[in-house]
Amino acid sequence: MVFDAQRATKCFYKFCELCPLPFVNIRSIHHQVIFGTMKEVKVKGASSLCTLGSDGKFNVQESVSTSEDQICSSLSIKVTPELEKKYVHHVYDAIAPHFSSTRFAKWPKVATFLNSLPSGSLVLDAGCGNGKYLGLNPDCFFVGCDISAPLIKICADRGQEVFVADAVNLPYRTGFGDAAISIAVLHHLSTENRRKKAIEELVRVVKKGGLVLITVWAVEQEDKSLVTKWTPLSQKYVEEWIGPGSPHIRSASSLTLKSIPEMEENGFLGDNEKHSKENLTQRFWESMCLTSQSEDNSKDEEKTIMDQQEYFVPWHLPYHRTEVSGASACALASGLAKKDDKKGAVVYNRYYHVFSEGELERLVSDMDNAVIVDRFFDKSNWCVILEKTS
């Protein structure tokens, strides 16, 4: 990527203001951040403390000037629920190389948004994954972050400017960037407050007049057959994992992951598989705790499917890829993943909250510093573009 020297130097020093750590040379992030020791850095222009832990993840703590009530409220949102740690963070860490190999196509509307930005814009990609959008517009400067250290290492090895950070806890000073994007990230956050906080963070870190593009998976999938491959979380499961306070420990009576059926990945089923499919369907309805068993409940069942928003979406990691990250053996031993010899893969489940129509807009409806300038449905995703107003 070629930059104008003066513009590149300006962007470099802007980034130095953000975090005066040795990780400014982020291409060596796997030495300085992912395996770094505990460090603390005061972020200029923001009342927060950026803490770098031995696990390579940043934690931003509110300063002592913040009121006690605000601290308690903020911490309750920023503390990552166990559901996300287990079925988002750990999973993506384990599947990172294989996941990255499947993520190369750019969505046209995301590309259009990035290419429409003024030359010299500083673009922040929150949840950048393998960095496929970083540098898409050669006239802009990109900085990416993601909660997954293995994915960030893939970006860093490609020479991209990246570091490890949490979407609800972005370690940028207020008004740092000219634009921000969050592509397929918010649906991995398990509470409405955390999803709303992530949006507030995206708006906070851009300048007045800056634009924010957000995309999330939709309930209304264009390919309805995809939904049959997902495992719905029963209401009991949702209440225990995602209820008030997002409990860190599940009760002994709660459903285990093994008891929740995983739908077949393809639609071509043999006789035995068809029989298995019927059993899975029966178990699905049992897990949804449907109380009505009348012959006239077909419409209710259809409505229940449409109302379902919490899912486990399987990721099949081929056996020949399982040792790339070295995490699969531990995942199998802990029960995080299971083998599927028929498919020759280790199966992981990723947590998703799929968004209903209008839900994304409602999350920003009471924000006093941003307005929606565009909204659209694209590739089974709900999308919005926000503009920061103050």
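Which residues are buried in helix H6 (residues 149–157)? In this predicted model, the buried set in H6 consists of Ala149, Leu151, Ile152, Ile154, Cys155 and Ala156. Two other residues of the helix, Asp157 and Lys153, pair up in a salt bridge, with 2.9 Å between the closest N and O atoms. Both partners sit in H6, four residues apart, or about one turn of the helix. Neither is buried: Asp157 comes out as partly exposed at 47% relative accessibility, and Lys153 is likewise partly exposed, at 32%. Past the end of H6 comes Gly159, with a positive phi near 85°.

Stepping back to the whole chain, there are 13 helices and 14 strands. Of the 390 residues, 52% are buried. Contacts also reach a long way along the sequence: among those with a separation of 6 or more, 66% are between residues 24 or more positions apart.

Next come the charged pairs. Side chains of opposite charge can pair when their charged atoms come close. The model contains eight salt bridges, among them the one between Arg194 and Glu84, where the closest N and O atoms are 2.7 Å apart. This pair ties together distant parts of the chain, since Arg194 belongs to helix H7 (residues 192–204) and Glu84 to helix H4, with their positions 110 residues apart. Both ends of the bridge are tucked away from the surface: Arg194 is buried at 1% relative accessibility, and Glu84 is buried too, with a relative accessible area of 1%.

H7 has a local arrangement of its own. Arg204 and Glu201 meet there through their side chains in a salt bridge, at 2.8 Å from N to O. The two are three residues apart in H7, so about one helical turn separates them. Glu201 counts as buried because its relative accessible area is 5%, under the 20% cut-off. The pairing is also part of something wider, as Lys197, Glu201 and Arg204 are linked in a network of salt bridges.

What about a charged residue that is buried without a salt bridge? Asp378 fits that description. This residue is located in strand E13 (residues 370–378). The nearest side chain of opposite charge is that of Lys109, 4.7 Å away. That distance does not make a salt bridge, because the cut-off is 4 Å. Even so, with neighbours within four places in sequence set aside, Asp378 is in contact with Lys109 and with Cys383.

E13 is also a boundary of the loop that holds Ser380, the other end being strand E14 (381–388). Ser380 has an unusual backbone angle to go with that position. Most residues other than glycine have a negative phi. Ser380, though not a glycine, has a positive phi of about 65°. The residue is buried, with a relative accessible area of 8%.

A further case of a positive phi outside glycine is Ala184, at about 55°. Ala184 is placed in the loop that runs between strand E7 (177–183) and H7. In contrast to the buried Ser380, Ala184 is partly exposed, with a relative accessibility of 26%.

That leaves the empty space in the model. Rolling a probe the size of a water molecule over the atoms shows where such space is left. The largest pocket has a volume of about 1,200 Å³. It is lined by 49 residues, and those closest to its centre are Phe99, Arg103, Trp217, Arg350 and Tyr352. By character, the lining splits into 25 nonpolar, 12 polar and 12 charged residues.

Which elements each supply at least two residues of this lining? Helix H4 (82–101) does, along with strands E4 (122–126), E5 (141–146), E10 (310–318) and E12 (345–353). H4 provides the largest share, five residues. H4 thus turns up in two parts of this account: the helix contributes to the pocket lining, and it carries Glu84, which is linked to Arg194 of H7.

Definitions and conventions
Residues are numbered from 1 along each chain as its sequence is written. This is a predicted model: local features need pLDDT of at least 70, side-chain atom pairs count only at pLDDT 80 or more; totals for chains, interfaces and linings use all residues. Side-chain values use heavy atoms; hydrogens and water are left out. Buried means under 20% relative accessible area, exposed over 50%, partly exposed in between (1.4 Å probe, protein chains only). Lys and Arg count as positive and Asp and Glu as negative; His and the chain ends are not counted. Contact means heavy atoms within 4.5 Å. On a 1 Å grid over the protein atoms alone, a cavity is a set of points where a 1.4 Å probe fits but cannot get out, and a pocket is an open set with protein on both sides within 12 Å along at least five of seven lines; lining residues have an atom within 4 Å of a point. Grid points are joined across faces, edges and corners, and a volume is the space filled by probe spheres set on the points. Ala, Val, Leu, Ile, Met, Phe, Trp, Tyr, Cys and Pro count as nonpolar, Asp, Glu, Lys and Arg as charged, and the others, Gly among them, as polar.
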